[in-house]
Amino acid sequence: MNKEASNSTYVVETEALTKRFGERTVVRGVALRVPRGSAFGYLGPNGAGKTTLIRMLLGLTPASSGSMHLLGHPVPAERAQALARVGAIVEEPRFHGHLTGRENLGIAAAARDSAATSRIDASLERVGLTARADDRVRTYSLGMRQRLGIARCLIADPELLILDEPMNGLDPAGIQDFRAFVRSFVDEGGTIVLSSHLLDEVERTCDHVAIVDHGAIVAQGSIAELRGTGLVLYVEADDRERARAVLAASTDVERIVDDGNVLAVSILEPHVVPDLNRRLVEAGINVLRLEPQQASLEQRFLEITTRLEDAA
Amino acid sequence: MTALALPISRLVGADLLKLRRSISLNVVTAFLTIGAIVITITIMELLHLANPDAHGPVGGIRDLGHFAALVGLLGAVAAAIVGARVGAGDMDAGAYRDLVVTGRSRLSLYLSRFAGGAAFLLPFVAVAYTIAAASSVALAGSNTAPDTRLLALTGLWAVLDVMFFFVLAVAISVAFGTGSYAIGVLLALRLAVMPIVVSISALGIVRELMPVAAIESITPAAFGEAARMGPHIPMSTGAVAAVLVAWATLAVAFAGWRDVTRDA
């Protein structure tokens, strides 16, 4: 029994999804849940298996094992129905350079339902390419090709956009435009899955995230959940090693990461900062800097991946 | 059936657009088909006008055979180029995956390329043959002009020759996933491997399995040696059909399987 697309809470659901290339396992037992109406970041370092997972979802390569649902449809069994309302860019958007932007969209529209052709003008307008729509794509910059790639997704009138490293090649203005596009698409009820290795960008653009490392999801949830309520206390002292030992002895300290000249100390509550300062001073350590900050996704990512490396 | 046919017709239009908008492809195809026949007829007519005793009239049945052979040979080269372009154009451009992610079945994407490519190539071949046929009648002079039946039969024969190699070109390019190798392989098959195999009489029945032998064996008899480019191996119409259909079916089926199952 298929779940109805309109009723499914998650637009992407995978269970124990695995992809092997010979002896090498690239995606390991991934259970991904992408909530409807979210901007979802699929975050991981290069080579973590992000693109391979996207390729499996889109039917570009078969899974070795596990199951997938897109918009409530099992794939690959109901791939056509599922992908009819999905727009996707895998790696970088590619086009026929000898055709115009509008003609390239026409080709993509021919592969979709007949209404797709009527959405070409609106899609071009939305990504700001109307003025260049009748120029050959070979004259487009990389940023313009990225925008044309988005326009190609939009002609499907998608419920879900799956974008693989969409910020590649965008200049700062293009990145800002892209962030605005993501917000407006989500505000209109759409869902975006955005794979990236840029933690800062995912944190700015997305509201949910899955962190993937070595092909496996190591954490997923809302950005706020993953960040946690924890703080990071940046400590700079004249004797970093002794300072580290003193702080490590405190039960209020969760973890210490030596970040060059600064110790990044994970703490749960801000009120422990004076106590930690007192301990350092009483130990005869000169404190040069003591700065509490809300933990960023990057710190959580480093904590999680460092913990995994320690455990390995 | 209508639901299936209508979307495929849009895909065919899209494939045709990719070819029509390529200036270089239009120039090369026009040169190999229309240009080649116009240049050949022009040179022959100039030679005839300059020295009618040494060079007879350009038209007539015999020269129709020459023209048809030329349309078939260079048409096959054009077919290799067009077939490779339409078969692997999306893959060469890196745009194939963007069509696959639309959810459209890979089989319909695959089949539409044959129709789109044929829609592009056929008019060039038709115009080239029409010029050849018209010249063979209009410039016949003292030679016997071909009748309508022979003109029609010869046209079908030339189109069969070209379109057979077009189908192979599409299939080979899809199987390889790139057009450049496919052009090389097909030209090697058409211009070297198959003629060599056909010319080795010791190979016996193996020679009959070569499409060039099959196509040559159904050359309209009225041409005699005029349209022949290799040894004549007599074959029944059934055997000719079996050889051509077997080659085309195997190539199309293998390439289709490869296209549907490959990582996009």
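How many of the five residues of strand β4 (residues 39-43) of chain A are buried? Five of the five are, so to speak, under cover: β4(A) is mostly covered. Keep in mind that this is a predicted model. Below is a quick tour of chain A, its contact with chain B, and a few spots to look at on screen.

**Chain A at a glance**

- Chain A has 312 residues, and 43% of them count as buried.
- Its secondary structure comes to eleven helices and 15 strands.
- Measured out along the principal axes, the C-alpha atoms fill a box of roughly 75 × 45 × 35 Å.- Chain A splits into domain 1 (5-224) and domain 2 (229-294), and the C-alpha centres of these two domains lie 41 Å apart.
- Among the contacts in chain A with a separation of 6 or more, 70% are between residues 24 or more positions apart.

**Strand β4 of chain A and its partners**

- Side chains of β4(A) go two ways: A39(A), G41(A) and L43(A) point one way, F40(A) and Y42(A) point the other way, and all are buried.
- One partner is strand β9 (residues 191-196) of chain A, which runs parallel to β4(A) and is joined to it by five bridges.
- To find that pairing, look for G41(A), which stands opposite L194(A) in β9(A).
- Another partner is strand β10 (residues 208-213) of chain A, paired with β4(A) in the parallel sense over four bridges.
- Here the residues to look for are F40(A) and, opposite F40(A), H208(A) in β10(A).

**Helix α5 of chain A**

- Helix α5 (residues 142-154) of chain A has 13 residues, which at 1.5 Å a residue should span 18 Å; the end C-alpha atoms are 19 Å apart, which agrees.
- Ten of the 13 residues of α5(A) are buried, so the helix is largely enclosed by the rest of the structure.
- The buried ones are R145(A), Q146(A), R147(A), L148(A), G149(A), I150(A), A151(A), R152(A), C153(A) and L154(A).
- From chain A, the cover over these buried residues includes β7 (86-89), α3 (101-110), α4 (120-126), β8 (160-164) and α6 (172-187).
- Chain B joins in as well, with α4 (96-100) of chain B among the elements that cover them.

**Where chain A meets chain B**

- The two chains touch through 24 residues of chain A and 22 residues of chain B.
- On the chain A side, α2 (79-83) and α3 are the elements that give two or more residues.
- The biggest giver on that side is α3(A), with five residues.
- By type, the chain A residues that touch chain B come out as 14 nonpolar, five polar and five charged.

**Nonpolar cores**

- The largest nonpolar core holds 150 residues, and V71(B), F166(B) and A169(B) touch the most other members.
- Helix α3 (residues 61-93) of chain B supplies the largest share of this core, 18 residues.
- Setting aside neighbours within four places in sequence, V71(B) is in contact with T33(B), I37(B), V125(B), A128(B), Y129(B), A132(B) and A158(B).
- There is also a second, separate core of 13 residues, including L233(A), V246(A), V265(A) and I285(A).
- As background, nonpolar side chains tend to be buried together in soluble globular proteins.

**Backbone spots to check in chain A**

- V75(A) and P76(A) are joined by a cis peptide bond, with omega about 15°.
- P76(A) sits in the loop between β6 (73-75) and α2 of chain A.
- L71(A) is not a glycine, yet its phi is positive, near 50°.
- You'll find L71(A) in the loop between β5 (65-70) and β6 of chain A.
- L71(A) is buried because 26 other C-beta atoms lie within 10 Å.
- D157(A) is not a glycine either, and has a positive phi of about 50°.
- D157(A) belongs to the loop between α5 and β8 of chain A.
- D157(A) has 17 C-beta neighbours inside 10 Å, so it counts as partly exposed.

**One residue in chain B**

- L160(B) is part of helix α6 (residues 148-176) of chain B.
- With 16 C-beta neighbours inside 10 Å, L160(B) counts as partly exposed.
- L160(B) and M44(B) are 116 residues apart along the chain, and their C-alpha atoms are separated by 26 Å.

How values were computed: Residues numbered from 1 in each chain as written. Chains lettered and ligands numbered in written order. Predicted model: local features only at pLDDT ≥ 70, side-chain atom pairs only at ≥ 80, totals over all residues. Expected span 1.5 Å × (residues − 1). Buried ≥ 20, exposed ≤ 12 C-beta atoms within 10 Å, placed from the backbone. Contact = placed C-beta atoms within 7 Å. Domains from an automatic or database assignment. Core = buried A, V, L, I, M, F, W, Y, C linked by C-beta atoms within 7 Å. Nonpolar A, V, L, I, M, F, W, Y, C, P; charged D, E, K, R; others polar. Pairing = 2+ DSSP bridges.
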